[in-house]
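Reader: I'd like to go through this one feature by feature. Could you give me the general idea each time, and then the case at hand?

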Amino acid sequence: MMKDLFSLEGRTALVTGGSRGIGKMIAQGFLEQGAKVYITARKAPACDQAAEELSEYGTCVSIPHDLSTVAGCEALTSELSGLESKLEILVNNAGAAWGADFDEYPESGWDKTMDLNVKSLFFLTQKLHGLMRKAANEERPGKVINIASIDGIKINPWETYAYQASKAAVIHLTRRMAARLINDHICVSGIAPGAFASEMNKAAKDHSDAVGARIPAKRIGRDSDMAGAAVFLASRAGDYVIGDTLAVDGGVAYSTIADAWG
C-alpha cells in the first residue's frame, strides 16, 4: 500500500505561475512522480523555456496566459479543455506583490495584487470545476492546492499591505472552497511557503545565509521542500487533508522567537 502512496502516475496537473520559483519547483516534483504537467505564466517565452527545461523530467506542456482577469481564466480553461478531457490536479500559484509606504500605497498596486492573488484563484478554479469533476471520485479525489504565504499567518516587517491581506484571504478562501468542493470529491488545501529563493523573494535568493540565520531551521527552503509538500497533498497520501493550509517555512510562522522573521 505504501509503495504507491506518493505516486502521481496517470494524473494530469496544471500549475499556474509555473515558469519559475515555487511553481517551477512544484511542477518538477509532479513530473518526477509521474504526472503530466501543464504550466502557465503571463510571459510566453519564459513559460515555453521552462516547459522545455522541465521536459527532462516528464511530459510538460506550456500554455501561457494572463490570469489577472476573469477573461484570462476563461481563455486558459478553453485551451486546456481542447487538450484534455479531465484535470486531476490544479495548483493556484500565480501571484503578485506590491510594497509601498502606507501613505503612498497606490490603488493600482492594491488592485493588481488582490485581483491575481485572490480573485483569479477563485475564478480559475470555478472555470476548471467541470474538468475536475470529470476526473474525481471517492477513491481518487481531485486536488486543488492554493499557494498562500506565511505572511497570511504572521505579519512581516515590510509594507506589503495588499500581499499580506491577500494571502490571509487565500487561507480562509481555501477553507470555504474545501467545504463546497469536497461534495464533488475534490480536496482543496493550501501551502503557505516561507523563505524560498525566487524572484518574488529576492532577499532569500540573494542573501540566503542572512535570511536563513533568522529562521528556526537555520536555512531557507530547498526546492525539494516545496516539491515534497505539494506531492504529498496532490497524491493519495494527502486524500484526507481538506481545507488546511500547510506552513512550509522552517518554523517561522509558529515560532515563539520574536525576531524569527524580522
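Author: Sure. One bit of vocabulary to start: Ala, Val, Leu, Ile, Met, Phe, Trp, Tyr, Cys and Pro count as nonpolar, Asp, Glu, Lys and Arg as charged, and the others, Gly among them, as polar. Also keep in mind that this is a predicted model.

Reader: Let's use that on the cavities, then. How many are there of 30 Å³ or more?

Author: The count is 1 cavity at that cut-off. The largest cavity has a volume of about 60 Å³.

Reader: Which residues line the largest cavity, and how does the lining split by class?

Author: Its walls come from Thr16, Leu67, Cys73, Asn92, Ala94, Leu116, Ser120, Leu121 and Leu124. By class that gives 6 nonpolar and 3 polar residues, with no charged ones. Helix α4, residues 107–135, gives the most to this lining, with 4 residues.

Reader: And the pockets? What lines the second largest pocket?

Author: That pocket holds about 160 Å³ of space. Around it sit Phe122, Thr125, Gln126, His129, Leu173, Arg176, Met177, Arg180 and Leu181. The elements giving two or more residues to the lining are α4 and α5 (161–181), and α5 gives the most, with 5 residues. Here the class split is 4 nonpolar, 3 polar and 2 charged.

Reader: Now helix packing. What should I be reading off?

Author: Two packed helices are described by the angle between their axes and the distance between the axes. In this model, take α1 (residues 21–32) and α2 (residues 44–54): their axes come within 11 Å and cross at roughly 35°. The crossing of α1 past α2 is right-handed.

Reader: Which residues make that contact?

Author: From α1 you have Lys24, Ala27, Gln28 and Leu31, and from α2 Ala50, Glu53 and Leu54. Sorted by class, the contact has 4 nonpolar, 1 polar and 2 charged residues.

Reader: Last one: how do I read aromatic pairs?

Author: A pair of aromatic rings is described by the distance of the centres and the angle of the planes. The structure holds 4 such pairs. One of them is Tyr105 with Tyr161: the ring centres are 5.6 Å apart and the planes stand at 85°, so this pair is edge-to-face.

Reader: Where do Tyr105 and Tyr161 lie?

Author: Tyr105 is in the loop between β4 (89–92) and α4, while Tyr161 is in helix α5, so the pair ties together parts that are 56 residues apart in sequence.

Key: Residues numbered from 1 in each chain as written. Predicted model: local features only at pLDDT ≥ 70, side-chain atom pairs only at ≥ 80, totals over all residues. Heavy atoms only, no water. Axes fitted to C-alpha atoms, helices over the stretch in contact; angles between N-to-C directions. Left-handed = near helix turned anticlockwise from the far one by under 90°. Contact = heavy atoms within 4.5 Å. 1 Å grid on protein atoms, 1.4 Å probe; cavity = no way out; pocket = protein on both sides within 12 Å on 5 of 7 lines; lining within 4 Å. Points joined across faces, edges and corners; volume = space filled by probe spheres on them. Phe/Tyr/Trp six-rings, centres within 6.5 Å; stacked < 30°, edge-to-face > 60°.
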